[in-house]
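Subject: Structure for your study, with notes

Dear colleague,

Please find below the sequence and structure that I am handing over to you. I would be grateful if you kept them open while reading the notes that come after them.

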Amino acid sequence: MLSGIAMATYDGVIDALGLREWCGGGDGGGGSAPMSMQELLARSRGESGGGGDGGSLWDLPFPSLDTLHDACAAIPETRDLTLGLERGFLSIRDALRVVVDPVTQPLSWMLRESLAVMTNTPWWIMMPLLLALVWLVSRSWRIVGFVAMSLALLALVDHYDAAMQTLAIIFVCAFICVLIGVPIGIAMSRSDRLQRIVIPILDMLQTLPPFVYLIPLIFLFSVTEPKLYGIAIILYAIVPVVRLTDLGIRLVDRDVIEAADAFGMTSRQKLFGVQIPLALPNIMAGVNQTIMMSLAMVVIASLVSAPGLGVLVLRGIRSLELGVGLVAGFGIVLLAIMLDRVTKASLARIDASQAKR
Amino acid sequence: MDDNVKISIRHLYKIFGDNPKSVLAEVQAGMGKPELLESRNHVLGLSDINVDMHEGKITVIMGLSGSGKSTLIRHLNRLIEPTSGEVLVDGENILTWNEARLRTLRRETMSMVFQKFALLPHRTVLENAGMALATRGKSRKEFEGDANRWLDRVGLGGYGGHYPYQLSGGMQQRVGIARALTSNSGIMLMDEAFSALDPLIRTDMQDLLIELQAELHKTIVFITHDLDEALKLADHLVILKDGLVVQQGEPQHILLNPADPYIEDFVSDINRARVLRVRSIMDSSSGEGEFSGEVDHDDNLENVIAMAEGALDRRFRVTQDGKPVGTLEMPAIMRALVPRRSARETARG
C-alpha cells in the first residue's frame, strides 16, 4: 500500500486525462516488471519513516518514461527503448552483413597484407625504404634525419614491431580515407544540397565519442577481423579530408574560375585543370589532419584487437604497468610528430610551388 | 577596314533579384532603379541597352562603378544571362545557343582579358598564354609556337618558364593579353583590363593595345571607368549610368556635344587640348589665303598650340595623307577648349 505513493504520483493525471481504460485497468504498475531499486528504496524508506503521505511537491519526480510506466502500464519503460534498439539492430544485422561484409572485405585483406609486409620485411630494408619515402615527400634532409633518429630510438627500446604495425594500419586507413573522402568532398563542393546533407553527418562522426563507433561494429563483425578496427578508424578520420576538400574547391579564386569559363573550359577541364590543383594545399591540410586522427583512433581501436603501440598502452592500463604504458605512449607521440612533420613539409612544398603574388 | 556590325545588343535588360521576370514589365514601362529597389526589392542592372559594335573597331563602355558596365560585357559571352533582350554576334542571337555551341563561341570567337588578370597561378606563363589552345585540346607542342610568338609580341620573350606570381602586375596583364591573342579570336573583351595597374604602366599598356590594334584589327570591347583611357582608345564610346546608356557615339563628338549635365560633369575635368583632334573642330571648306603652316587632321590641339607658339592670329591648313582637307584658325581652338555648358546651367551661372 505504501509503494502506491511512488507509483501513484501521476495516477491523478492519467485519470484526469481519461486514459485509465487505455492503460489497462485501474491497477497501476501491476507488477509485471520486476521491482526497481528505486521502488525498493522508496518502500523501505516509507516503511521506516512511516509518517505522512510523502507526497510533497519537493519530491515530485520528472514525468519520465519510467515514472509514467508506474502509473500506467501501457507506457513503455526506458529499458524497453534500449532493448528495442538492440533487438532492431540484431534483426537487421544479418541483412546488413550480407551487404557490408563483401564490400569491406578488401579492407581486411589490405590491412592483413600491409601488416604482414611491414613487420616481416627486415628492419635494414624497411627503415631505409621509409626514409627514402620521407625524402621523396618532404625533400628535406633535416626531416629525414629526425625520422631516422626517432625510428632508431623506437627500435632501440624494442618497440620497432609495434610501431611498424601502427604505421601499417595508418597507411592503409589514411589511404582509403583519401580515396573515398576526396571524391565526396568534390561532389559536395559542386552541389549545395549534397553539402547540406553531408555536413551534419560529418558533424556527427566528429562529435560522437570514438568508443561509440565500436559498439555496433562489434555486433556486425567478428573481433578477429581487421576490418572491424579499420572501419572505426576510417569513419573517425575521414572527416577532415572531406571537409577541407569541399572548402578548398569552394575557396578557389572566383576570377580564375570565371576566366576558365570565359575560355570555354568544360566542367571536367575546370575540375582537373583548375579547381583540384588550386585546392591542393587545402586538400593536403586535410590529409595531414586525417593521418593525425587515424593515429589517435588506432590507439583506441586496440580495444578491438588492433595491433601496435596501442596494445602496449592498453596493457599499461589493464595491468597497471606504468612504465610500459608511458614508453608506448611516448612512442605514439614520436610517430605523431614524424607523420605531422613529413606531411607538413610536403604541404609547404605544394604551397611554395603556387604561392600567389 | 569594313564597317560590318560584329556584335549587336538589342533591348537588353538585366534585373537582379528573386524573380526578375515578374518585374520586367514594370521596368520596361519605365520604373527606375531606386523605385524598383524600394517597392519590389529587385536591383536594376541594365535597362534597354542598344549598342552596335563594329568589326575591327574599339568600342569602349565607360561608367562609374555600379553603372553596369562589367555586367554588360559578361552578357557578350553569356557569363551572365540576361533577363530579356538579344545579343547578336555576326547576326545570330547567341542567347538561343546550346551549351556546346556557346563553348565553341567562347573558345574560338571571343577571348577575354580581366581586371585582376585571372591567370592560372599553378601554370607557367607559357601554359597560361596557351590556355585557350590547350582548352581546345591542342598539345603543348602545338600551342608552344603560337604562345611564344605572342609572348614575344607583348614584350615577354624569355619569360615562358616563369610562374605568374614571379611577375609584376603589368607583366601579368601582358600575359593576360597574350593569352587572349593566342586564342586567335576575332573579338576581344577587356574588362577594366588596365584599371589595376599604376598610371605609368597603364599608359604603356594602352600604347601597346593601340599598336596591336593597328596591326590586327580585332573587334575590341573595352570596359573602363577612366575617361582619359576611354577617349584615348575609343572608336565608339558608350557611356553608362545606373544601367542606362546616357550617350554613345564618336568620342570627339561626345566631348563637343555632351547630351546632359552628367556627361558635362564627366568631361569637365579632362585635358581637352590633348584629347580633341584637329579634324573635330576644323572648317572643312578649304579656305584661301595665307597659312602659317600645315597640321595633320589627326593632330591634337596641344600640338597645334605649341606650333603656333601661343599666338592667336595663326591660321593652319589641315591635311590628310598630304592632301588639304580644311582650315583651322586659332580662335576655333580657344572656343573648343572651353567646356560646353547646357543652356540651363548657362542661364543660372
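The notes below describe what was found, beginning with confidence and then taking the chains in turn.

**Confidence**

Please bear in mind throughout that this is a predicted model. The model as a whole has an ipTM of 0.84 and a pTM of 0.80. For chain B the mean pLDDT is 88, and 96% of the residues of chain B reach 70 or more. One stretch of chain B to read with care is residues 343-349, where the pLDDT falls below 50. In the model, that stretch makes 2 contacts beyond near neighbours in sequence.

**The open sheet of chain B**

I suggest that you begin with the sheet in chain B. Six strands, in the order S6-S7-S8-S3-S9-S10, make up this open sheet of chain B, and their pairing is mixed. Which strands stand at the edges of the sheet? They are strand S6 (110-113) and S10 of chain B; each has a single partner strand, so one side of each has no neighbour in the sheet. From one strand to the next, the twist averages 15 degrees.

Please now follow the pairings from strand S8 of chain B towards the S10 edge. Strand S3 (residues 58-62) of chain B pairs with strand S8 (residues 219-224) of chain B in the parallel sense, over 5 bridges. Within this part of the sheet, Met62(B) is found opposite Thr224(B) of S8(B). S3(B) also pairs with S9(B), again in the parallel sense, over 4 bridges. Here Ile61(B) has Val238(B) of S9(B) as its bridge partner.

Strand S9 (residues 236-241) of chain B is joined in turn to strand S10 (residues 244-249) of chain B by 5 bridges, and these two strands run antiparallel. Val238(B), already met as the partner of Ile61(B), stands opposite Gln248(B) in S10(B). Leu240(B) has Val245(B) of S10(B) as its bridge partner. S9(B) and S10(B) form a hairpin with 2 residues between the strands, and in that hairpin Asp242(B) takes a positive phi near 50 degrees. Is S9(B) mostly covered or mostly open? It is mostly covered, since 5 of the 6 residues of S9(B) are buried.

At the S6 end of the sheet, helix H8 (residues 169-182) of chain B lies across S6 and strand S7 (187-191) of chain B. Helix H8 of chain B runs at about 180 degrees to S6(B).

**The two domains of chain B**

The domain assignment divides chain B into domain 1 (54-82 + 99-267) and domain 2 (272-337). The centres of these two domains of chain B, taken over C-alpha atoms, are 34 Å apart. How many residues of each domain of chain B are in contact with the other? Domain 1 contributes 4 residues and domain 2 contributes 6. On the domain 1 side, helix H11 (residues 251-256) of chain B gives the most, with 3 residues. By class, that side has 3 nonpolar residues, 1 polar residue and no charged residues.

**The contact between the chains**

The contact between the chains takes 17 residues from chain B and 18 residues from chain A. On the chain B side, helix H4 (99-109), S6 and helix H6 (131-135) each supply at least two residues. S6(B) therefore appears twice in these notes, as an edge strand of the sheet and as a part of the side that touches chain A. The residues on this side of chain B divide into 9 nonpolar, 4 polar and 4 charged.

**Chain A**

Chain A has 16 helices and 0 strands. Of its 357 residues, 33% count as buried. Among contacts in chain A between residues at least 6 apart in sequence, 75% join residues at least 24 apart.

One residue of chain A may serve as an example. Asp340(A) lies in helix H16 (residues 322-353) of chain A. Why does Asp340(A) count as partly exposed? The reason is that Asp340(A) has 15 C-beta neighbours inside 10 Å, whereas a buried residue needs 20 or more and an exposed one has 12 or fewer. Leaving aside residues up to four places away in sequence, Asp340(A) touches Asn288(A) and Met292(A). Asp340(A) and Ala148(A) are 192 residues apart in sequence, and their C-alpha atoms are 15 Å apart in space.

With kind regards

Terms used:
Residues numbered from 1 in each chain as written. Chains lettered and ligands numbered in written order. Predicted model: local features only at pLDDT ≥ 70, side-chain atom pairs only at ≥ 80, totals over all residues. Domains from an automatic or database assignment. Contact = placed C-beta atoms within 7 Å. Nonpolar A, V, L, I, M, F, W, Y, C, P; charged D, E, K, R; others polar. Pairing = 2+ DSSP bridges. Axes fitted to C-alpha atoms, helices over the stretch in contact; angles between N-to-C directions. pLDDT = per-residue confidence, 0-100.
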